[in-house]
Amino acid sequence: MADVQETIVGLLSELRRGTIVIGVLSQLSEPQYGYSLVSLLEEKGIPVDPGTLYPLLRRLEKQELLESRWDTNESRPRKYYQLSPFGKEVYAGLNQEWRKLVASMEGILSDLGGGE
């Protein structure tokens, strides 16, 4: 028999994987480097493994949603990421769609007999 908690953890992981992009984009109106982004998201209740974040940042940059620049003024060079103009438009659209989805899910979950 399947363990309930183990199943919840697995399904929750799938849900988080589907929302990480919008979570990352939401934090990049101002330049952030990878580790600062990990910390910022974690503070806001969205833990992200650096091994997941860095490939995602590279992919989003390749899709032209992000722009990056190296800062070599510190003792350790850091690559800063920020939304590109195209990324701002895409994020605005995703944000709008996300809010519709959340409203729909709230309606589904609050219906009588909504699975509880």
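**A sheet, its ring pair and its salt bridges**

Glu61 is partly exposed, since its relative accessible area is 24%. The structure under discussion is a predicted model, and Glu61 offers a convenient point of entry to it. The side chain of Glu61 meets that of Lys79 in a salt bridge, with an N to O distance of 3.4 Å. Because Glu61 belongs to helix H3 (residues 50–62) and Lys79 to strand S3, this contact ties together parts that are 18 residues apart in sequence. Lys79 is likewise partly exposed, given a relative accessible area of 23%; the cut-off for a buried residue is under 20%.

From Lys79 the path leads into the sheet. Strands of a sheet pair through backbone hydrogen bonds, in either a parallel or an antiparallel sense. Here, 3 strands make up an open sheet in the order S1-S3-S2, with antiparallel pairing. Strand S1 (32–33) and strand S2 (66–71) occupy the edges; each has a single partner strand, so one side of each is left without a neighbour in the sheet.

The pairing of S2 with strand S3 (residues 78–83) is antiparallel and extends over 6 bridges. These two strands form a hairpin, with 6 residues between them. Within this ladder, Asp71 stands opposite Arg78 of S3, and Ser68 stands opposite Tyr81 of S3. The loop between S2 and S3 contains Glu74. Glu74 is partly exposed, as its relative accessible area of 45% shows. The C-alpha atom of Glu74 is separated by 41 Å from that of Leu11, and the two residues are 63 residues apart along the chain.

On the other side of the sheet order, S1 and S3 run antiparallel and are joined by 2 bridges. Tyr33 has Tyr80 in S3 as its bridge partner. How many aromatic pairs does a search of the whole structure find? The search finds 1. This pair consists of Tyr33 and Tyr80: their ring centres lie 5.4 Å apart and their planes stand at 75°, so the arrangement is edge-to-face. The pair links distant parts of the chain, Tyr33 being in strand S1 and Tyr80 in strand S3, 47 residues apart. Tyr33 and Tyr80 are thus bridge partners as well as members of an aromatic pair.

Are the two tyrosines of this pair buried or exposed? Tyr33 and Tyr80 are both buried. Each ring also has a charged side chain over it. Arg78 lies over the face of Tyr33, at 4.0 Å from the ring centre. The charged end of Arg69 sits over the ring of Tyr80, at 4.9 Å from the centre of that ring. Arg78, which takes part in this arrangement over Tyr33, is also the residue opposite Asp71 in the pairing of S2 with S3.

Attention now returns to charged pairs. Side chains of opposite charge can pair when their charged atoms come close. The count of salt bridges comes to 2. Besides the contact of Lys79 with Glu61, there is a salt bridge between the side chains of Glu97 and Lys100, with an N to O distance of 3.4 Å. Glu97 and Lys100 are 3 residues apart in helix H4, and therefore about one helical turn separates them. Glu97 is partly exposed, because its relative accessible area is 44%. Lys100 is also partly exposed, with a relative accessible area of 46%.

Helix H4 provides the last stop. Ile108 has its place in this helix, which comprises residues 85–110. At a relative accessible area of 47%, Ile108 is partly exposed. Ile108 belongs to a nonpolar patch on the surface, together with Trp98, Leu101, Val102, Met105 and Leu109. The accessible area of the patch residues together is about 530 Å².

How values were computed. Residues are numbered from 1 along each chain as its sequence is written. This is a predicted model: local features need pLDDT of at least 70, side-chain atom pairs count only at pLDDT 80 or more; totals for chains, interfaces and linings use all residues. Side-chain values use heavy atoms; hydrogens and water are left out. Patches are made of residues with over 30% relative accessible area and no salt bridge: like charges are joined within 9 Å, nonpolar side chains (Val, Leu, Ile, Met, Phe, Trp, Tyr) within 5 Å. Accessible areas come from the Shrake-Rupley method with a 1.4 Å probe; for residues, only the protein chains shown count as cover. A salt bridge is a side-chain nitrogen of Lys or Arg within 4 Å of a carboxyl oxygen of Asp or Glu. Helices (H or I, at least four residues) and strands (E, at least two) are DSSP runs, numbered from the N terminus. Buried means under 20% relative accessible area, exposed over 50%, partly exposed in between (1.4 Å probe, protein chains only). Two strands pair if DSSP finds at least two bridges between them. Rings of Phe, Tyr and Trp (its six-membered ring) pair if their centres lie within 6.5 Å; planes under 30 degrees apart count as stacked, over 60 as edge-to-face and the rest as tilted. A charge sits over a ring if NZ of Lys or CZ of Arg is within 6 Å of the ring centre and within 35 degrees of the ring normal.
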